[in-house]
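Here is a short briefing on one protein model. It covers spaces, helices, cores and single residues.

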Amino acid sequence: MAEIIRDVAIIGAGTAGLAAERRARQNGASTALIDPYFAGTTCATVGCMPSKLLIAAGEAAHGVRKADEFGIHAAISKVDGPAVMQRVRRLRDSFAAGVRDQIDDLPDGVAVKASAKFLSANRLGLSDGQQVEAKTIVIATGSASVLPPGFDELGEAVLTNETLFELQALPASIGVIGAGALGLEMAQALSRLGVKVEVFDMSEQIAGMPEGEPETSLRTALENELVFHLGVEPQPSKTEEGVQLSWQEEGHTRTAHFERLLVAAGRAPLLDGLDLEKTGLPLDDHGTPEFDRETLQCGDAPIFIAGDANHDRPILHEASKEGTIAGANAAGFPDVKAFARTARFQIMFTQPNMAVLGEPQGKETVVGRVDYADQGRAKAMGRNSGVCEIYARTGCGTLTGACLVGPDAEHLAHILVWAIEHGATASELLDNPFYHPTVEEGLKTALKQICSDLSLPRPDSRNDAQLPGDFGPG
């Protein structure tokens, strides 16, 4: 039987797997990167990049429709669905090709095209009949969309992020199952492109946000474009025209018909078929190995798990970081080091944007709040909606987290998460220059509220007065 012997074997060639292989090799280890497809990362092929391409198309159409607000009279004569989807795939394919070029540049013998399963903690069996013996193994198999019971029986009528971008044309109507980040981003983009969209979720809140002003402001803004059915559990059935959904709402049975459904009800780690029981690892209730999030090591075993496979922080920059940590520790095993992890940081690219970073509001924090409904630059752009909350530690005013809903919140979030990483206080952030008029300037209102509530000293050189066009009567 053919055998491959390496220092480190990595299962999965996504973002985490590529990072793990790269770092392990940089640290002097011989590596095997095992994947059945080598198609490119989830982000490039079915995630971040194609979704942003569809969002960009929706924003272009929305900009034309809103032009009247600025005294510019324009109209959309046609949304060319096939052309929209063709552009999405063309640019998506170029992003994915860039990832595959990285794989092609790997040293000979590193890329092994096959599926893998554990035979023991140090040995893998491959679908091509070979076996891999490695000192350490990194699990970086990623995740896949979850189809709730009943939805998996609807065939091509059901879409996920893995099939949505293959549509040759836009459907006339679509029901979106799940009001999380993916569901809301795609729902808004498709609605702006002329598709009839309704969104369903079992929760009463959207985007996984807690009750409060930021969630309310986001829901209010999106309700101008989308129909929501919250706190419901729709049941699907196939029809000749597409799909029917039935659900209970306000004591009545409701139904709606759609050409297609987009199921965005979450993703689960791709661990089936790995035969993890043969590793001797303790598994949690979901079948995921228990691991240390600062080392990515599974127990005391020579096994590490990174990226979406561990379902801790299923975000691209975290997958890259985790892959790097896992690769370094796999190469250095048994000398395993704990690495500092950065603050939680997640963005949703609806308009308005939503971002959650750092720690949530707690007993030892104060809140600074800003409502962008009346912020000068936001009003000038016609995008004045959203409420942002900034959290700071009681006493010293050190920033601990934020929940942001507003125009360009993706950029505001970077400023704040960097401040959190550097241990900055609200007062120190206020001492930085804020250009006028900008969206960033709106953060001053929340920061000043924190400083006032905590009675933090104000430098004599800082003017905390409002500037023209900042905030005032509507």
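A cavity is a set of points, on a 1 Å grid over the protein atoms alone, where a 1.4 Å probe fits but cannot get out; a pocket is an open set with protein on both sides within 12 Å along at least five of seven lines; lining residues have an atom within 4 Å of a point. The model is predicted: local features need pLDDT of at least 70, side-chain atom pairs count only at pLDDT 80 or more, and totals for chains, interfaces and linings use all residues. Residues are numbered from 1 along each chain as its sequence is written, and side-chain values use heavy atoms, with hydrogens and water left out.

**Cavity**

- The structure holds one cavity of 30 Å³ or more. The largest cavity has a volume of about 40 Å³, a volume being the space filled by probe spheres set on the points, which are joined across faces, edges and corners.
- Its lining consists of Ile55, Gly58, Glu59, Glu185, Gln188, Ala189, Arg192, Phe349 and Thr350. Helix 3 and helix 5 (181-192) are the elements that give two or more residues to this lining. Helix 5 gives the most, with four residues.
- Helices (H or I, at least four residues) and strands (E, at least two) are DSSP runs, numbered from the N terminus.
- The cavity lining has three nonpolar, three polar and three charged residues. Here Ala, Val, Leu, Ile, Met, Phe, Trp, Tyr, Cys and Pro count as nonpolar, Asp, Glu, Lys and Arg as charged, and the others, Gly among them, as polar.

**Second largest pocket**

- This pocket encloses about 400 Å³ of space. Of its 18 lining residues, His62, Lys66, Arg192, Gly382 and Arg383 lie nearest its centre.
- Helix 3 (residues 48-65) supplies the largest share of the lining, three residues.
- By class, the pocket lining has six nonpolar, seven polar and five charged residues.

**Helix 1 and helix 11**

- Helix 1 (residues 15-26) has twelve residues and should span 16 Å at 1.5 Å a residue; its end C-alpha atoms are 17 Å apart, which agrees. The expected span is 1.5 Å times one less than the number of residues.
- Buried in helix 1 are Ala16, Gly17, Leu18, Ala19, Ala20, Glu21 and Ala24. Buried means under 20% relative accessible area, exposed over 50%, partly exposed in between (1.4 Å probe, protein chains only).
- The partners of these buried residues are strand 1 (3-11), strand 2 (31-35), helix 4 (81-104), strand 6 (131-139) and helix 7 (316-332). Contact means heavy atoms within 4.5 Å.
- Glycine 28, just after helix 1, takes a positive phi of about 95°.
- In helix 11 (residues 443-453), the buried residues include Leu443, Leu447 and Ile450. The buried residues of helix 11 pack against elements including strand 20 (365-371), helix 9 (409-421) and helix 10 (426-430).
- Serine 455, just after helix 11, has a positive phi of about 55°.

**Nonpolar cores**

- A nonpolar core is a set of buried Ala, Val, Leu, Ile, Met, Phe, Trp, Tyr and Cys residues joined through side-chain atoms within 4.5 Å.
- The largest has 41 residues; Leu54, Leu184, Val197, Val199, Ile206 and Leu218 have the most contacts inside it.
- A second, separate core of 34 residues includes Ala343, Ala378, Leu429 and Leu430.

**Two acidic residues**

- Glutamate 318 sits in helix 7. It counts as buried because its relative accessibility is 1%.
- Aspartate 104 lies in helix 4. Its relative accessible area is 60%, so aspartate 104 is exposed.
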